[in-house]
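Reader: I have a model open and would like to go through its packing and charge pairs. Can we start?

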Amino acid sequence: MMQFDFGTLLDAMPDAVVVADMDSRIVYCNSSVEHLLGWAPGELVGQSLHAIQPDRLHAAHDAGFTTYARTGASALFGAPIRVPARRRDGGEQDIELNLAEIHDAEGRRLVIGVLRDLSERVELERHLAVMHFLRATTAAAGRLWTGLEPRLVLQTLTDVLVDDFGAALARTWRYEPDANVLRMVTSGGLSTRVTGSSREVIDVATYPYKVGIVARTRTPFLRTGLLGDPDFDEDWVTKEGLQSVACLPLIAGGKLLGVMVAFFRTPLLDEVAEIIGHIAALGAAALNDADLVEQERAAHAAAEQARSEFELLARVSERIAGSLNPEATAEIVAGELVPELADWCVFDLLAGVELRMVAASHRDPELVQEIGRLRAQYPPRKDIRPSHPILRAVEQRATLHESVSDADLRSRAVDDAHLAMLRSLGIGSHVVVPLIARGRVIGTLSLIRRPERAAFDVEEARTAEDIGRRTALGIDNAVLYRSAQQAVALRDRFLAVASHELRTPLAVVRGNWELLERRLRHDEDRARTDMEPIQRRLSRGIDQLQRLVEDLLDARRIRGEASDLQPTRTDLVQLVGDAIAAISDPQQRGRVRAHLPATPMVGLWDATRLAQVVTNLLGNALKYSAPADPVDVWLSEAADDVHLAVRDVGIGIPARHLEVIFEPFERAPNAAEQHYPGLGLGLAVSREIVTQLGGRMWAESPGEGGGSTFHVEVPKAASSG
Ligand code: ADP
C-alpha cells in the first residue's frame, strides 16, 4: 500500500475537515477551514467544537454528543446534514456536514467532520425560492378574495403555506376580543400535535408559548433553528426535521384578527420571511373584508327576516279582519303561519275550563290528522298533565318560549305511543301565546318547530306574540258578533212566534168576552142560560194565554241565566201523580196511564222545576196525539239515577228533528204543518232544567206517525245536595 502524507492531502481538499475527540475537543483542522470559517487551523486545535457552532446549538450539541460518546449511536451519521456554522467573526455560514467515526493509531475514537461551503448553492436556492414564493404570493392574493368568508380565508391561508410555501405544518387561530382568546380554525400539513402550541383555545393573557406571545405583543416571531428553544419539543422537531418557524399576528386596520403559524423543514431565508409577512398581511386584509361581508350578510338577513315577519303580520291582520267566525279566523291564521313561522301550529279556545282545539296546521298536510289524534288521545288536561305548555301559558298569562329536547319529550310523554306521536310531529322548540281579549284568556296559539329547524329566536317569539294578540282580538270580535247575531235572531223568532201564538187565544178570549157582553146587555135570561159554555171557552183561552206567557218568561232561562234551584225533600212518585191529577180536563186526564212504583221515591230535588218538566212532557204527549189515544208514563229507579219516560202514539218526530226540537223556538215541521199550537219553547226550557239538575233528556221516535217517547234521567246524587 502506498504511503501518503494525509495532512498535505487533506489541506489540498476544498472542503474543510475538522476532527474532534470524544470530549468534543478539536484535535485537527485542515487549511480549508480558514477559507470557510476564518480560523487559522492552529487556532482551533484544542478548542471545543462550540467554537464553530452558533451559541443556540450548544446545548443540543452537548446532549447529542454525550449520548453518542457513550453509546456510539447518532442520527447525524451517514447522510449529509445542513447546519449553520459559526465563523471566526461571529457570522453564520451555511454548510453541508458529513460526519464519520475514525480511530487513531492508539485506537482512540475520533469524529471527523467534512464541512462543505454552501454559500453559492444557498445563494442560488435562495434566488429560486424567492421567485417561487413571489409567484405563489401573487396567486394566493387572488384566492384569498374569492368566496369571501372568514373560515374560507383562513383555510386558504393554511393551504397556501402548506402547498406553496412547503410548510410542514400550518395553523390559524381566530382572535375573539371579548373573551381575549384565540380559537384554532384551521390546521394543515402534519397532523401531529405540537407540544405547547396545539391548544384549540388559547387564553391570550396567560398562554406562555409563542402563539400567545405573538398575540399579546402583536409582533411576528420568525426563527431558523428550533433546537434549544424550550417552546418547541426537541424530539418532535428532530423527528420531523423541522428547521424554522414563522408565527405572525394577523392584523388589519390596527385590529388583531388572528394568528398564523408555519413550521418549515428548511431554514427561513430573510426574503422568504418577508414574503410570509406579506402573506400574513394579505390574509389579514382578506379576513377583515370577509368579516365585513359577513356582517353585511347578517344585517341583510335580519332585515329580510324583519320584512317577511312584517308582511306576515300585515297579511294575518288583513285576513283576521275579513273573518267574522272564530273557528274560521283561527283556521286562516294557522294556515298563514305554517310553514313560514312554524312547522306546525295549533289554536285552542277555552270553553269554560276546557281547551278545545279549533284549528291545526302542519307543513306536512298528512300530519294534520295526527295532531287531531294526539289531542284526542292525550288532551292537555289539568288533572292529568298539569305542566303541559299550553296549560302553563294559560295559567301564567304569559308567552312561553322554549327549546324542547328529545329528553324533554321523553319525560313529557305519557307512554310509548304518545312519544312516537310527538316525535313524528317533530318538536324542537315552541312558542305558546295565551290569547287574551278584554282581560280574559280566551285560548292559546301554539307554534312548534321541528328539531332540525333553528329554534325560535326572541324576535320570532315576539312576532308570534303579536300575531296572538291580533288573533285574540279577531276571535273575540267574531265571538261577540256571533252572539249578537244569535241574540238578534232569537229576538226576531221570539217576536214572530209570540205574536202569532198569542193571537189565537186572544181572539178566543176577545170573541167570547164580546159575546158575553152583548148577551148581558140585550137578553139577560138567555145570557144566564148560555153563560156556562162561554165562561168555559173564556177560561180555556185565558189558561192558554197564561201558559204562553209563562213559557215566554221561562225562555229567559235558556240563555244560560242561572236559576236558583231550590232542592226540597221530594217524592217523585207523588210529584208525577200530582202532575197527572193537575190536568184540568178530565177527558184528557183519563188518557194518561201511569206506571209508577208502589213505594215513594224520595230525594232532594227542586220539585217545582221537575214538575214543570213532567207537565210539559204530559202536555206535549196529549197535544201531539189523537184525542182518544193513551199516553203512558213510567217512573223507575236505577243505582245512580231516576228515570222518567213519557210515551204517546201520536204524530211522531222525524229523525232529523229529534235533537233540534230541544232548541228554543224549534218545532218539527209535522207539528207546525198540522197546525198544532206551540211556541217551541217547552222542551228547551225542560232540557235546561234537567241539565241544571245534572241529568239528561232526549227523545225517541220511529218517525212521522210512529209516536214518540221522551226520556229524562236525573242523578240521585244531585238530590243529596
Ligand atoms: P211546542 O210544543 O210549544 O211547539 P216544545 O218545545 O214543547 O214546544 O216542543 C217542540 C217541538 O217538538 C214541537 O213543536 C213538536 O214539533 C215536537 N214535539 C214535542 N213533543 C212531541 C210529541 N209528544 N210528539 C211529537 N212531536 C213532539
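Author: What follows covers the nonpolar cores, then the salt bridges. This is a predicted model, where local features need pLDDT of at least 70, side-chain atom pairs count only at pLDDT 80 or more, and totals for chains, interfaces and linings use all residues. Residues are numbered from 1 along each chain as its sequence is written, and side-chain values use heavy atoms, with hydrogens and water left out.

Reader: How many residues are in the largest nonpolar core?

Author: It has 38 residues, and Leu617, Leu618 and Leu644 have the most contacts inside it. A nonpolar core here is a set of buried Ala, Val, Leu, Ile, Met, Phe, Trp, Tyr and Cys residues joined through side-chain atoms within 4.5 Å. Buried means under 20% relative accessible area, exposed over 50%, partly exposed in between (1.4 Å probe, protein chains only).

Reader: Which helix gives the largest share of this core?

Author: Helix 19, with seven residues. Helices are DSSP runs of H or I, at least four residues, and strands are runs of E, at least two, numbered from the N terminus.

Reader: Now charges. How many salt bridges?

Author: The structure holds 44, each a side-chain nitrogen of Lys or Arg within 4 Å of a carboxyl oxygen of Asp or Glu. Arg56 and Glu92 form one, with the closest N and O atoms 2.8 Å apart. Arg56 is partly exposed at 29% relative accessible area, and Glu92 is partly exposed at 41%.

Reader: What about Asp466, buried or exposed?

Author: Buried, at 18%. Asp466 forms a salt bridge with Arg469 (3.5 Å, N to O).
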